[in-house]
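Grab a pencil and get ready to look at a protein model from the inside. Can you work through the exercises before peeking at the solutions?

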Amino acid sequence: MKIKVNGVILNYEVIGHGKPLLFLHGNNEDLYTFDSLTESLKEHYACYLVDSRNQGKSEKNVPLHYEDMSVDIYEFVLKLKIKNLNIFGFSDGAIIGMILASKHPEIVNKLVLAGGSLNPEGIKKKHVKMMENEYKETKDPFIELMLTEPHITDHELHKITCPTLILAGEHDVIKDIHTKKIHQNISGSKLIIIQEHTHESYIMHSNYLKEIIRNFI
């Protein structure tokens, strides 16, 4: 399905029934990232899956900034009149989730943040170096986005008032101290480090998180 929000056309799907659970995917991915997980959750949740701008089947050649993407999702939620919204954000999706929950706490019931960062300094140096080298070769706007954004402050994290679960892989590309900082600055949040997993191995085409999500939301 298609919907126009914030001046751009987004592609989305709704699968299942129950509590509303919005999934936000990572950098240069699409809604199919969550196929296995939503298949395992669809009997308990109305799973809203969205292709972020410039990705999947959503509109291309539009500005690529996290702030804009958060506005996209805010207007998406308002247009579809989703109440008691729960959000699962992975990587870039976690960034969007933090911005949205900070600016519009009234619309978010519960928030799950997987592999999110507050700024580019939160990414381990070896991965930053790899991205910098790749960007020199390709000028890929998705890599540029990760190298220059976001810039979420402690003050903004303090504005997140909903129950929040923070996830990261034991071998994540996000620095451990950075993940802990997010946890420490969101009041009452819970933190789970997924042992023996990387940034995306427990997310991509996996139902690993089924019970974790059901226990939290």
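Below are five exercises on this predicted model, each with a worked solution.

**Exercise 1. Work out how helix α2 and helix α3 are arranged, and which residues make their contact.**

Step 1: Find the two helices. α2 covers residues 66-79 and α3 covers residues 92-103.

Step 2: Look at the geometry. The two pack at an angle of about 65°, and their axes are 9 Å apart. Angles of 65 to 115 degrees count as roughly perpendicular, so α2 is roughly perpendicular to α3.

Step 3: Check the handedness. α2 passes α3 in a right-handed crossing.

Step 4: List who touches whom. From α2 come Tyr66, Glu67, Met69, Ser70, Ile73 and Tyr74, while α3 brings Asp92, Ile95, Ile96, Ile99, Leu100 and Lys103.

Step 5: Sort the contact of α2 with α3 by class. You should get eight nonpolar, one polar and three charged residues.

**Exercise 2. Do the same for α4 and α5.**

Step 1: Start with the numbers again. α4 and α5 pack at an angle of about 140°, with 9 Å between their axes.

Step 2: Pick the right word. Roughly antiparallel is kept for angles over 145 degrees, and roughly perpendicular stops at 115, so α4 and α5 are oblique to each other.

Step 3: Add the handedness. The crossing of α4 and α5 is left-handed.

Step 4: Name the partners. On the α4 side they are Val128, Met131, Glu132, Glu134, Tyr135 and Thr138; on the α5 side they are Ile143, Glu144, Met146 and Leu147.

Step 5: Sort them. The contact of α4 with α5 has six nonpolar, one polar and three charged residues.

**Exercise 3. Describe the largest pocket: how much space lies in it, and what lines it?**

Step 1: Get the volume. The largest pocket holds about 520 Å³ of space.

Step 2: Go to the centre. There are 28 lining residues, and the closest to the centre of the pocket are Asn27, Met131, Met146, Val173 and His199.

Step 3: Ask which elements take part. α3, α4 (125-138) and α5 (141-148) are the elements giving two or more residues to the lining of the largest pocket. α4 gives the most, with four residues.

Step 4: Sort the lining of the largest pocket by class. That comes to 13 nonpolar, nine polar and six charged residues.

Step 5: Link back to Exercise 2. Met131 of α4 and Met146 of α5 belong to the contact of those helices, and both are also among the residues closest to the pocket centre.

**Exercise 4. Find the largest cavity and describe its lining.**

Step 1: Count. The structure holds one cavity of 30 Å³ or more.

Step 2: Size it up. The largest cavity has a volume of about 50 Å³.

Step 3: Name the lining. Met98, Leu113, Ala114, Gly115, Gly116, Ile166, Leu167, Thr179 and Ile182 line the largest cavity.

Step 4: Match residues to elements. β6 (108-114), β7 (164-171) and α7 (176-185) each supply at least two of them.

Step 5: Sort the lining of the largest cavity. It has six nonpolar, three polar and no charged residues.

**Exercise 5. Track down two backbone details, at proline 150 and asparagine 28.**

Step 1: Check the proline. The peptide bond from glutamate 149 to proline 150 is cis, with omega near 0°. Proline 150 sits in the loop between α5 and α6 (154-158).

Step 2: Check the asparagine. Asparagine 28 isn't a glycine, yet its phi is positive, near 55°. You'll find asparagine 28 in the loop between β3 (19-24) and α1 (35-41).

Definitions and conventions
Residues are numbered from 1 along each chain as its sequence is written. This is a predicted model: local features need pLDDT of at least 70, side-chain atom pairs count only at pLDDT 80 or more; totals for chains, interfaces and linings use all residues. Side-chain values use heavy atoms; hydrogens and water are left out. Axes are lines fitted to C-alpha atoms, for helices over the stretch in contact, and angles run from 0 to 180 degrees between N-to-C directions. Angles under 35 degrees count as roughly parallel, over 145 as roughly antiparallel, 65 to 115 as roughly perpendicular and the rest as oblique. A crossing is left-handed if the near helix is turned anticlockwise from the far one by less than a right angle, and right-handed if clockwise. Contact means heavy atoms within 4.5 Å. Ala, Val, Leu, Ile, Met, Phe, Trp, Tyr, Cys and Pro count as nonpolar, Asp, Glu, Lys and Arg as charged, and the others, Gly among them, as polar. On a 1 Å grid over the protein atoms alone, a cavity is a set of points where a 1.4 Å probe fits but cannot get out, and a pocket is an open set with protein on both sides within 12 Å along at least five of seven lines; lining residues have an atom within 4 Å of a point. Grid points are joined across faces, edges and corners, and a volume is the space filled by probe spheres set on the points.
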